[in-house]
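Me: I'd like a close look at how the charged side chains pair up in this one. Please start with a single pair and work outward until I can see how the pairs sit within the fold.

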Amino acid sequence: MTQLSAKQQAILGAAIDQFALMGLQATTMEAICQKAEVSKRTLYKHYPNKEALFDAVVILLIERIEPLTAIQFIPNYDFEVQLKHLASSVVGLLCDPDYIRLSRIVMIESMRSEAQAKRLNEKFSHCEHSMVVWFEEASLAGCLGDHDAHFAAAFFWGGLKRLTFWEMAIRWQPPVDEQQLAAFIEQACKLFCGGVNPRQ
């Protein structure tokens, strides 16, 4: 986890507020100074330009995702129990307001230019690969039947995102309450397990 000084936290918090409100292109370093209540000298000491601040936002987002990549598949342990644990952890992140806010900032920049999209894809590639590893290990243990691990991972993540993250990030829907989330996770895991192993 990146350790930030109090000044850096104030600057980065101000930058996030401005990026979320105005976008990276319309945000000025002066506006960030005023919002953070720091001098230009202090700002430029830590972040020489808006791109450096944006990269710091990307790092914050990656650090939010990284705990999910540490969840390991355990062979010879109940597959559905593990899947529910994974789903609960994922949904907890996808529904987190701070994660959604950071994601919006990064997604908008990714859509702004192809070069920026490629640069961001490179930064997030490690996280994306790590989150597929769980399904690769499940496949090796025979838990996915004859289904491809990469397809299974995309199907699983896509389903969870569709009914949680995308509704809030794109449509600005209110957060789903905990009872509904629990029911959603239960249904999603049962549907997934039934699909990969219909006889189970």
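Reply: Happily! Let's begin with arginine 162 and glutamate 167, which form a salt bridge whose closest N and O atoms are 2.7 Å apart. Please keep in mind that this is a predicted model. The two partners sit in unlike surroundings: arginine 162 has a relative accessibility of 45% and so counts as partly exposed, whereas glutamate 167, with a relative accessible area of 16%, is buried. The cut-off behind that call is 20%, under which a residue counts as buried.

That pair is part of a wider set, as the whole structure holds twelve salt bridges. Side chains of opposite charge can pair when their charged atoms come close. One of the pairs joins glutamate 186 to lysine 84, at 3.1 Å from N to O. This salt bridge links distant parts of the chain: glutamate 186 belongs to helix α10 (residues 178–196) and lysine 84 to helix α5 (residues 79–94), with their positions 102 residues apart in sequence. Glutamate 186 is partly exposed, at 30% relative accessibility, and lysine 84 is partly exposed as well, at 25%.

Glutamate 186 has another partner, lysine 190, and here the N to O distance is 3.6 Å. This contact stays inside helix α10, where the two residues are four places apart, which means about one helical turn separates them. An α-helix has 3.6 residues a turn, so residues three or four places apart point the same way. Lysine 190 counts as partly exposed, with 47% relative accessibility. If you add Glu80 to the picture, you have a network of salt bridges that links Glu80, Lys84, Glu186 and Lys190.

What else does helix α5 touch? Phenylalanine 79, at the start of that helix (residues 79–94), is one of the residues that touch the most other members of the largest nonpolar core, together with Leu53, Phe135 and Leu160. That core has 66 residues, and helix α4 (residues 50–69) gives the most to it, with nine residues. Beyond its close neighbours in sequence, phenylalanine 79 is in contact with Phe73, Trp134, Ala138, Cys143, Leu144, Phe192, Cys193 and Val196. Three of those names, Phe192, Cys193 and Val196, fall in helix α10 (residues 178–196), the helix that also carries glutamate 186.

Polar pairing also turns up in helix α7 (residues 114–140), where glutamate 136 lies. The side chain of glutamate 136 makes a polar contact of 3.0 Å with the side chain of histidine 150. Leaving aside residues up to four places away in sequence, glutamate 136 touches Ala149 and His150. A little further along, alanine 152 is 16 residues from glutamate 136 in sequence, with 9.2 Å between their C-alpha atoms. At 25% relative accessibility, glutamate 136 counts as partly exposed.

Cysteine pairing gives another result, since the count of disulfides is zero. Cysteine 95 has its closest cysteine sulfur in cysteine 189, 14 Å away, which is too far for a bond. For cysteine 127 the closest cysteine sulfur is that of cysteine 95, and at 19 Å this is also too far; the cut-off is 2.5 Å. Both residues are buried, cysteine 95 at 12% relative accessibility and cysteine 127 at 3%.

Now let's step back to the fold that holds these pairs. The chain has ten helices and zero strands. Its C-alpha atoms fill a box of roughly 65 × 30 × 30 Å along the principal axes, and buried residues make up 41% of the 200 residues. Among contacts with a separation of 6 or more, 70% are between residues 24 or more positions apart. The salt bridge between glutamate 186 and lysine 84, 102 residues apart, gives you a link across the sequence to look at.

To finish, turn to the N-terminal end and helix α1 (residues 6–22), whose 17 residues reach 24 Å from first to last C-alpha, close to the expected 24 Å. Its buried residues include Ile11, Leu12, Ile16 and Phe19. The buried residues of α1 pack against α2 (29–36), α3 (40–46), α4 and α6 (97–112). After α1 comes glycine 23, with a positive phi near 90 degrees.

Technical notes
Residues are numbered from 1 along each chain as its sequence is written. This is a predicted model: local features need pLDDT of at least 70, side-chain atom pairs count only at pLDDT 80 or more; totals for chains, interfaces and linings use all residues. Side-chain values use heavy atoms; hydrogens and water are left out. A nonpolar core is a set of buried Ala, Val, Leu, Ile, Met, Phe, Trp, Tyr and Cys residues joined through side-chain atoms within 4.5 Å. Buried means under 20% relative accessible area, exposed over 50%, partly exposed in between (1.4 Å probe, protein chains only). Contact means heavy atoms within 4.5 Å. The expected span of a helix is 1.5 Å times one less than its number of residues. A salt bridge is a side-chain nitrogen of Lys or Arg within 4 Å of a carboxyl oxygen of Asp or Glu. A polar contact is a pair of N or O atoms within 3.5 Å; within protein, one must be able to donate a hydrogen and the other to accept it, and residues adjacent in sequence count only if both atoms are side-chain atoms.
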